[in-house]
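Dear colleague,

I am passing on the structure that follows, together with some notes on what was found in it. Please keep it open while you read.

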Amino acid sequence: MAIKNIVFDVGEVLVAFRYRDYMRDLGFDEDLVELLAKNMVETEFWHELDLGVKTNAEAVETFTKMYPQYKEEVIKFWDNIDDIVREFDYAVPLVQMLKDKGYGVYILSNYPIETAEMHWPKFKFLPLTDGHIISGYEKVTKPDEPIYRLLESRFGIKLTECIFVDDRQVNVDAGNSYGMQAILFKGYDDLMEELKSREII
């Protein structure tokens with residue numbers, strides 16, 4: 001099946017999800033950075049944010065109770081969360097190149113609603129794309145099949161005609177199982193080699 005579309009994840013593919021550096025920017029010491037990274041960001045609670053079933057206010061309530069000794073720091077984290085991502089310099093040229101070659105470009109992202117409303121209007125690559133799906137609004141996340149099928153139904157495309165780029169192996173494996181040609185993102189240069197080997201660029 002000929003490839004007609006390229007589907008990108010966002011975090012750690014088109015933007016840096018820089019939660020550790022973000023906390024360092026806030027002045028947190030390394031012990032606290034690791035504590036909050038492992039016990040706040042890399043948790044099921046964050047997945048529930050991605051699912052759109054938890055809010056930032058609930059996060060503050062939950063984690064200030066969990067770590068009352070770090071109440072001030074937890075509040076600071078959530079009050080400044082606009083700075084937790086940075087768009088990669090290559091994002092716009094990459095999307096534009098693929099558009100210029102005639103491909104549809106879509107976004108399929110696990111992302112919480114409130115942070116999406118902060119971040120997504122600022123993403124310079126977004127207006128270049130043909131459509132996007134944000135998990136928080138849909139109440140379903142990768143790697144579950146319904147969010148991939150939503151891409152098909154909403155935009156009238158076929159997964160079998162898509163290359164899918166994601167930084168998580170579980171999402172890549174899922175994409176492959178649903179008929180996509182999925183690529184594990186390991187960095188921009190590696191992706192360019194993958195796209196060349198598949199005669200996309």
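Phe88 has a relative accessibility of 25% and therefore counts as partly exposed, whereas Tyr90, at 18%, counts as buried (buried is under 20% relative accessible area, exposed over 50%, and partly exposed in between, with a 1.4 Å probe and protein chains only). Please bear in mind that this is a predicted model, in which local features need pLDDT of at least 70 and side-chain atom pairs count only at pLDDT 80 or more, while totals for chains, interfaces and linings use all residues. Residues are numbered from 1 along each chain as its sequence is written, and side-chain values use heavy atoms, leaving out hydrogens and water.

Phe88 and Tyr90 also form a stacked aromatic pair, with 5.1 Å from centre to centre and 15 degrees between the planes (Phe, Tyr and six-membered Trp rings pair with centres within 6.5 Å; planes under 30 degrees apart are stacked, over 60 edge-to-face, the rest tilted). The rings of Tyr111 and Trp120 have planes at 85 degrees and centres 5.4 Å apart, so this pair is edge-to-face; Tyr111, at 6% relative accessibility, counts as buried, and Trp120, at 4%, counts as buried too. By this rule there are 16 aromatic pairs, and one aromatic cluster is formed by Phe17, Tyr19, Tyr22, Trp46, Phe77 and Trp78.

Trp78 appears again where helix H4 (residues 56-66) meets helix H5 (residues 71-79): on the H5 side the contact is made by Lys71, Val74, Ile75 and Trp78, and on the H4 side by Asn56, Ala59, Val60, Phe63 and Thr64 (contact means heavy atoms within 4.5 Å; helices are DSSP runs of H or I of at least four residues, strands E runs of at least two, numbered from the N terminus). Their axes lie 9 Å apart at an angle of about 165 degrees (lines fitted to C-alpha atoms, for helices over the stretch in contact, with angles from 0 to 180 degrees between N-to-C directions).

The structure also holds an open sheet of 5 strands, paired in parallel in the order S5-S4-S1-S6-S7 (strands pair if DSSP finds at least two bridges between them). The edge strands, each pairing on one side only, are S5 (131-134) and S7 (181-184). Strand S1 (residues 5-8) is joined to strand S4 (residues 104-109) by 4 bridges, and Asn5 stands opposite Gly104 in S4. Helix H9 (residues 145-155) lies across S1, S4, S5 and strand S6 (162-166), at about 145 degrees to S5, while helix H11 (residues 188-197) packs on the sheet, touching S1, S6 and S7, its direction making about 155 degrees with that of S7.

With best wishes
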